[in-house]
Amino acid sequence: MAKQKVLPTGVERFFSDKDLIVSKTDLKGRITYTNRIFRDIAGYSGADLDGAPHSLIRHPDMPRCVFKLLWDTIEAGGEVFAYVKNMCANGDHYWVLAHVTPSYDAAGRMVGYHSNRRVPNPTLIRETITPLYARLLEAERHAPDRKIGMQAGHALLTGLLQDKGTSYDEFIHTL
């Protein structure tokens with residue numbers, strides 16, 4: 001009997017810079033569509049993902065304040081670019097540069113959200129985003145509860161941007 005190869009978990013996965021990960025959700029963040037590349041990299045079937053909360057792939061190393069900023073922006077009808085560390089079904093992870101926008105029906109009503117994700121620059125992730133997110137996470141984790149933690153992380157992020165004299169969008173686009 002052939003011995004099955006066991007792959008380590010918790011390792012970083014990569015996808016091609018020619019690939020685009022796509023997903024759509026309803027207004028509550030429940031998945032309504034994923035492309036094959038999304039399913040392949042995340043390690044889920046379409047049946048696993050249909051109707052599941054998009055937070056299913058949220059990595060615990062992601063600061064909650066980044067998602068607060070994302071949700072505040074798209075719920076207000078804006079678009080946002082964000083660096084996101086996602087978790088695969090087996091515990092592996094992968095980084096993306098996500099572009100998230102609202103989706104509208106023919107009558108102009110917001111009906112959900114659409115996200116395209118590309119491969120980010122690994123040096124940028126290692127040298128800028130990972131240390132920034134570690135600081136935000138530390139602020140969040142030292143608070144007495146999750147809500148206060150998210151507020152602390154958001155305040156830290158806002159303060160860092162103010163110190164740089166830039167907005168979040170300008171900061172992301174200049175990286």
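How many Å should the 12 residues of α3 span at 1.5 Å a residue, and how far apart are its end C-alpha atoms? Keep that question in mind while you open the model, which is a predicted one, and begin the tour by selecting α3, residues 64–75.

**Stop one: helix α3**

The expected span of α3 is 16 Å, and because its end C-alpha atoms are 16 Å apart, the two values agree. Now colour the buried residues of this helix, which are R64, C65, V66, F67, L69, L70 and I74. If you then display what covers the buried residues of α3, you will find that the cover includes the strands β3, β4 and β5, together with the helices α4, α5 and α6. Following the chain onward from α3, you come to G77, a residue whose phi is positive, near 95 degrees.

**Stop two: the largest pocket**

Stay with α3, since this helix gives the most to the lining of the largest pocket, with 6 residues. The pocket has a volume of about 520 Å³, and 26 residues line it, of which H54, S55, F67, L70 and W71 are the closest to its centre. F67 and L70 are two that you have already coloured, as they belong to the buried residues of α3. To see where other parts of the lining come from, select β1 (21–26), β3 (80–87), β4 (93–104), β5 (110–118) and α5 (146–164), each of which supplies at least two residues. Colouring the lining by class should show 12 nonpolar, 8 polar and 6 charged residues.

**Stop three: helix α5**

Select α5 next, and look along its length: its 19 residues should span 27 Å, and its end C-alpha atoms are 27 Å apart, which agrees. Are the buried residues of α5, namely G149, M150, G153, L157, L160 and L161, on the same side of the helix or on opposite sides? They lie on the same side of α5, because they cover an arc of only 105 degrees around the axis. A general rule helps here: an α-helix has 3.6 residues a turn, so residues three or four places apart point the same way. Among what covers the buried residues of α5 are α3, α4 and α6 (168–174). Turn the view to the face of α5 that points away from its buried side, and you will meet the exposed residues K147, Q162 and D163.

**Stop four: the cavity**

The structure holds 1 cavity of 30 Å³ or more, and the volume of the largest cavity is about 40 Å³. To find this cavity, select V66, I129, L132, Y133, L136, L157, Y168, F171 and I172, which line it. The largest share of this lining, 4 residues, comes from α4, and both α4 and α6 supply at least two residues each. By class, the cavity lining has 9 nonpolar residues, with no polar and no charged ones.

**Stop five: the second largest pocket**

Move on to the second largest pocket, in which about 210 Å³ of space lies. Its lining is made of E12, R13, F14, F15, W95, V119, P120, P122, I125, R126 and T130. Helix α4 (residues 122–141) gives the largest share, 4 residues, and the lining as a whole divides into 7 nonpolar, 1 polar and 3 charged residues.

**Last stop: D40**

Finish by selecting D40, which lies in helix α1 (residues 36–42) and is partly exposed, with a relative accessible area of 46%. If you add K164 to the selection, the two residues are 124 apart in sequence, and their C-alpha atoms are 38 Å apart in space.

Technical notes
Residues are numbered from 1 along each chain as its sequence is written. This is a predicted model: local features need pLDDT of at least 70, side-chain atom pairs count only at pLDDT 80 or more; totals for chains, interfaces and linings use all residues. Side-chain values use heavy atoms; hydrogens and water are left out. On a 1 Å grid over the protein atoms alone, a cavity is a set of points where a 1.4 Å probe fits but cannot get out, and a pocket is an open set with protein on both sides within 12 Å along at least five of seven lines; lining residues have an atom within 4 Å of a point. Grid points are joined across faces, edges and corners, and a volume is the space filled by probe spheres set on the points. Ala, Val, Leu, Ile, Met, Phe, Trp, Tyr, Cys and Pro count as nonpolar, Asp, Glu, Lys and Arg as charged, and the others, Gly among them, as polar. Buried means under 20% relative accessible area, exposed over 50%, partly exposed in between (1.4 Å probe, protein chains only). The expected span of a helix is 1.5 Å times one less than its number of residues. The arc is that of the directions from the helix axis to the C-beta atoms. Contact means heavy atoms within 4.5 Å.
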